[in-house]
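Me: Take a look at this model with me. I have some questions about its helices and a few single residues.

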Amino acid sequence: MDIGKNVVSFYKELEIFCSEVQINPEKVIVIGASKKQNLESIQSAYSSGLKHFGENFLQEAEPKIRALGLAPCWHFIGSIQSKKAKKIS
(Lines give C-alpha, C1' and ligand atoms only; values in the text may rest on other atoms or scores of the structure.)
Protein backbone atom coordinates (compact mmCIF):
# COMPACT_ATOMS: atom_id res chain seq x y z
CA MET A 1 0.00 0.00 0.00
CA ASP A 2 1.43 3.38 -1.00
CA ILE A 3 0.32 5.89 1.62
CA GLY A 4 1.50 8.84 -0.48
CA LYS A 5 -0.62 7.83 -3.47
CA ASN A 6 -3.62 7.27 -1.20
CA VAL A 7 -3.25 10.75 0.30
CA VAL A 8 -3.04 12.39 -3.13
CA SER A 9 -6.05 10.40 -4.34
CA PHE A 10 -8.04 11.31 -1.23
CA TYR A 11 -7.35 15.02 -1.65
CA LYS A 12 -8.45 14.86 -5.30
CA GLU A 13 -11.74 13.26 -4.22
CA LEU A 14 -12.10 15.85 -1.46
CA GLU A 15 -11.73 18.67 -3.98
CA ILE A 16 -14.44 17.15 -6.17
CA PHE A 17 -16.77 16.74 -3.21
CA CYS A 18 -16.11 20.27 -1.96
CA SER A 19 -16.82 21.63 -5.41
CA GLU A 20 -20.13 19.76 -5.56
CA VAL A 21 -21.28 21.12 -2.19
CA GLN A 22 -19.68 24.53 -2.67
CA ILE A 23 -17.23 24.38 0.22
CA ASN A 24 -13.73 25.80 0.03
CA PRO A 25 -11.44 22.75 0.42
CA GLU A 26 -8.88 24.95 2.17
CA LYS A 27 -11.37 25.28 5.04
CA VAL A 28 -11.43 21.50 5.58
CA ILE A 29 -8.91 20.03 8.02
CA VAL A 30 -8.14 16.38 7.39
CA ILE A 31 -6.62 14.49 10.31
CA GLY A 32 -4.94 11.20 9.50
CA ALA A 33 -4.92 8.66 12.31
CA SER A 34 -1.24 7.86 12.64
CA LYS A 35 -1.59 5.40 15.50
CA LYS A 36 0.22 2.15 14.84
CA GLN A 37 1.93 3.71 11.78
CA ASN A 38 5.69 3.82 11.38
CA LEU A 39 7.69 7.00 10.77
CA GLU A 40 8.20 6.21 7.09
CA SER A 41 4.45 6.01 6.46
CA ILE A 42 3.80 9.24 8.34
CA GLN A 43 6.59 11.03 6.47
CA SER A 44 5.20 9.79 3.15
CA ALA A 45 1.71 11.03 4.04
CA TYR A 46 3.14 14.39 5.16
CA SER A 47 5.17 14.78 1.96
CA SER A 48 2.02 14.02 -0.04
CA GLY A 49 0.01 16.79 1.58
CA LEU A 50 -1.40 15.47 4.86
CA LYS A 51 -0.38 17.96 7.55
CA HIS A 52 -2.47 16.89 10.56
CA PHE A 53 -2.03 13.60 12.42
CA GLY A 54 -3.98 12.07 15.29
CA GLU A 55 -2.66 9.80 18.01
CA ASN A 56 -4.44 7.94 20.79
CA PHE A 57 -1.60 7.35 23.21
CA LEU A 58 1.03 9.77 24.48
CA GLN A 59 3.64 7.02 24.79
CA GLU A 60 3.22 6.20 21.09
CA ALA A 61 3.09 9.85 20.00
CA GLU A 62 6.18 11.12 21.82
CA PRO A 63 8.84 9.33 19.74
CA LYS A 64 7.04 10.30 16.53
CA ILE A 65 6.83 13.94 17.57
CA ARG A 66 10.51 13.93 18.57
CA ALA A 67 11.50 12.39 15.23
CA LEU A 68 9.25 14.48 12.97
CA GLY A 69 9.09 17.68 14.97
CA LEU A 70 6.22 20.08 15.12
CA ALA A 71 5.92 20.70 11.36
CA PRO A 72 3.03 18.23 11.26
CA CYS A 73 0.20 19.40 13.49
CA TRP A 74 -0.41 16.75 16.15
CA HIS A 75 -3.81 15.98 17.64
CA PHE A 76 -4.91 13.55 20.30
CA ILE A 77 -7.99 11.57 19.37
CA GLY A 78 -10.13 9.47 21.64
CA SER A 79 -10.03 9.50 25.44
CA ILE A 80 -7.10 11.08 27.22
CA GLN A 81 -6.08 9.78 30.63
CA SER A 82 -6.23 12.56 33.23
CA LYS A 83 -2.65 11.84 34.36
CA LYS A 84 -1.43 12.46 30.76
CA ALA A 85 -3.53 15.56 30.05
CA LYS A 86 -1.04 18.04 31.55
CA LYS A 87 1.84 16.71 29.45
CA ILE A 88 -0.26 16.76 26.27
CA SER A 89 -1.36 20.38 26.65
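**Helix α2 and its surroundings**

Reply: Start with the outer side of α2: the face turned away from its buried side carries the exposed residues Glu40 and Ser47. Keep in mind that this is a predicted model.

Me: Which residues of α2 are buried, and what arc do they cover around the axis?

Reply: The buried residues in α2 are Ser41, Ile42 and Ala45. They sit on the same side of α2, because around the axis they cover an arc of only 95°.

Me: What covers the buried residues of α2?

Reply: Both helices and strands take part. The cover includes β2 (52-55), β3 (73-76), α3 (58-68) and α1.

Me: At what angle do the axes of α1 and α2 cross?

Reply: Helix α1 spans residues 3-20 and helix α2 residues 39-47. Their axes come within 8 Å. The crossing is right-handed. The angle is roughly 35°.

Me: Which residues of α2 meet α1, and how many charged residues does the contact have?

Reply: From α1 come Ile3, Gly4 and Val7; they meet Ser41, Ser44 and Ala45 in α2. By class, that contact has three nonpolar and three polar residues, and the number of charged ones is zero: no charged residues.

Me: Which residue caps the N-terminal end of α2?

Reply: Look for a side-chain oxygen 3.2 Å from the backbone nitrogen of glutamate 40. That oxygen belongs to asparagine 38.

Me: What phi does glycine 49 take?

Reply: Glycine 49 comes just after α2. Its phi is positive, at about 120°.

Me: Is asparagine 24 buried, exposed or partly exposed?

Reply: Asparagine 24 has its place in the loop between α1 and β1 (31-33). Its side chain reaches the backbone nitrogen of glutamate 26 at 2.9 Å. The relative accessible area of asparagine 24 is 37%. Buried needs under 20% and exposed over 50%, so asparagine 24 is partly exposed.

Me: How far apart in space are asparagine 24 and serine 34?

Reply: In sequence, asparagine 24 and serine 34 are 10 residues apart. In space, C-alpha to C-alpha, the distance is 25 Å.

Me: Is glutamate 55 buried or exposed, and which side chain joins it in a polar contact?

Reply: Glutamate 55 lies in strand β2. With a relative accessible area of 0%, glutamate 55 is buried. Leaving out residues up to four places away in sequence, glutamate 55 touches several others, among them Lys35, Glu60, Lys64 and Trp74. The polar contact, at 2.7 Å, is with the side chain of serine 34.

Definitions and conventions: Residues are numbered from 1 along each chain as its sequence is written. This is a predicted model: local features need pLDDT of at least 70, side-chain atom pairs count only at pLDDT 80 or more; totals for chains, interfaces and linings use all residues. Side-chain values use heavy atoms; hydrogens and water are left out. Axes are lines fitted to C-alpha atoms, for helices over the stretch in contact, and angles run from 0 to 180 degrees between N-to-C directions. Helices (H or I, at least four residues) and strands (E, at least two) are DSSP runs, numbered from the N terminus. A crossing is left-handed if the near helix is turned anticlockwise from the far one by less than a right angle, and right-handed if clockwise. Contact means heavy atoms within 4.5 Å. Ala, Val, Leu, Ile, Met, Phe, Trp, Tyr, Cys and Pro count as nonpolar, Asp, Glu, Lys and Arg as charged, and the others, Gly among them, as polar. Buried means under 20% relative accessible area, exposed over 50%, partly exposed in between (1.4 Å probe, protein chains only). The arc is that of the directions from the helix axis to the C-beta atoms. A polar contact is a pair of N or O atoms within 3.5 Å; within protein, one must be able to donate a hydrogen and the other to accept it, and residues adjacent in sequence count only if both atoms are side-chain atoms.
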